[in-house]
Amino acid sequence: MGFYHTNMPLHKTIKPNKNTIIIVWKIEEELSFLEAIYLNDYSKNRISRMKSEVHKKGFLSVRHLLKHLNYSDDDLFYTEDGKPHLKDGLRISISHSFNFSCIIVSKNVVGIDIEKNREKIIRIADKFVGEENKFLKEEDLVKQLTVIWGAKESLFKIHPDGGLLFKHHLPIEKFSLNDKKAKGWIKKDNFYEVFDIHFEFIDDFTLVYALN
């Protein structure tokens with residue numbers, strides 16, 4: 001699995017296996033710089049409706065990440081469920097949060113999420129934490145919860161049919177923050193599959209990705 005690389009200043013490149021690459025960009029450029037990228041008509045329409053500069057930067061930075069892997073905006077398309085796909089058949093997952101964006105491209109099924117570590121996640125934990133309450137600890141609670149949320153978001157992006165409840169259908173097994181890995185499940189109807197969850201901390205953000 002080979003890619004052509006531009007000289008774009010990436011924050012981090014991760015190659016978890018020979019079939020997969022993850023690239024992460026810390027967005028420090030002005031919007032005018034990011035706008036110097038090819039967009040197809042569909043993307044032009046989408047960005048024209050965005051009010052937030054942060055959202056615009058996230059959207060555009062993903063197109064720069066695609067270019068870094070020798071793709072253009074025309075190589076990316078979305079199905080009715082909103083999930084991104086590449087025309088060459090490789091799997092892709094996308095995430096951006098505040099001033100970070102990332103993509104994962106693989107021959108295998110993958111999902112990715114990046115989230116800012118924020119205290120507010122404690123207030124909403126009951127909406128997505130189920131069985132995981134058994135192993136949560138007060139120490140580093142924000143980081144634990146952000147890993148769980150990112151893992152479930154990554155698995156949600158993988159599941160083909162939607163209709164998932166984070167609290168009930170996507171259990172995450174007990175993990176240690178030091179190990180930077182876990183196991184996550186999709187358990188819904190006839191879909192019953194386990195995935196490897198990997199995570200790491202970048203500045204005050206948590207990057208999580210799921211591989212099968």
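Let me begin with a definition: two strands are said to pair if DSSP finds at least two bridges between them. With that in hand, please keep in mind that what we are looking at is a predicted model, and let me start with the strands close to the beginning of the list.

Strand β1 and strand β2, which covers residues 20–26, pair in the antiparallel sense over four bridges, and these two strands form a hairpin with two residues between them. Within that pairing, Lys-12 stands opposite Val-24 in β2. If we then follow Val-24 to its other neighbour, we find it opposite Cys-102 in β6, and the pairing of β2 with β6 is again antiparallel, this time joined by seven bridges.

Putting these together gives an open sheet of four strands in the order β1-β2-β6-β5, with antiparallel pairing. The edge strands here are β1, residues 12–17, and β5, each of which pairs on one side only, and the twist from one strand to the next averages 15 degrees. As a reminder for anyone looking along a strand, side chains in a regular strand alternate between the two faces of the sheet.

How many of the seven residues of β2 are buried? The count is six, so to speak, and β2 is accordingly described as mostly covered. Helix α3 lies across β2, β5 and β6, and it runs at about 40 degrees to β6.

Let me move to the other sheet. Here, too, four strands form an open sheet with antiparallel pairing, in the order β7-β10-β9-β8. The edges are taken by β7, residues 110–116, and β8, and each has a single partner strand, so one side of each is left without a neighbour in the sheet. The twist in this sheet averages 25 degrees from one strand to the next. Helix α5 packs on the sheet, touching β7, β8, β9 and β10, and its direction makes about 145 degrees with that of β7.

Looking at the individual pairs, β7 and strand β10, residues 205–211, are antiparallel over seven bridges, and the bridge partner of Gly-111 in β10 is Ala-210. At the other edge, strand β8, residues 181–188, pairs with strand β9, residues 191–202, in the antiparallel sense over eight bridges, with Ile-186 bridged to Glu-193 in β9. The hairpin of β8 and β9 has two residues between the strands, and Asp-189 takes a positive phi near 55 degrees there.

Ile-186 also brings us to His-169, a residue found in helix α6, residues 166–169. Is His-169 buried or exposed? Its relative accessible area is 18%, and because buried means under 20%, His-169 counts as buried. Leaving aside residues up to four places away in sequence, His-169 touches Gly-163, Leu-164, Trp-185, Ile-186, Lys-187 and Lys-188.

Finally, the largest pocket, which has a volume of about 750 Å³. Its lining comprises 32 residues, and those nearest its centre are Gly-82, Lys-83, Pro-84, Ile-94 and Lys-157. The elements that contribute two or more residues to this lining are α3, β4, β5 and α5. Which element gives the most to the lining? That is β5, with seven residues. By class, the lining of the largest pocket has 15 nonpolar, ten polar and seven charged residues.

Conventions: Residues numbered from 1 in each chain as written. Predicted model: local features only at pLDDT ≥ 70, side-chain atom pairs only at ≥ 80, totals over all residues. Heavy atoms only, no water. 1 Å grid on protein atoms, 1.4 Å probe; cavity = no way out; pocket = protein on both sides within 12 Å on 5 of 7 lines; lining within 4 Å. Points joined across faces, edges and corners; volume = space filled by probe spheres on them. Nonpolar A, V, L, I, M, F, W, Y, C, P; charged D, E, K, R; others polar. Buried < 20%, exposed > 50% of the residue type's maximum accessible area, 1.4 Å probe, protein only. Contact = heavy atoms within 4.5 Å. Axes fitted to C-alpha atoms, helices over the stretch in contact; angles between N-to-C directions.
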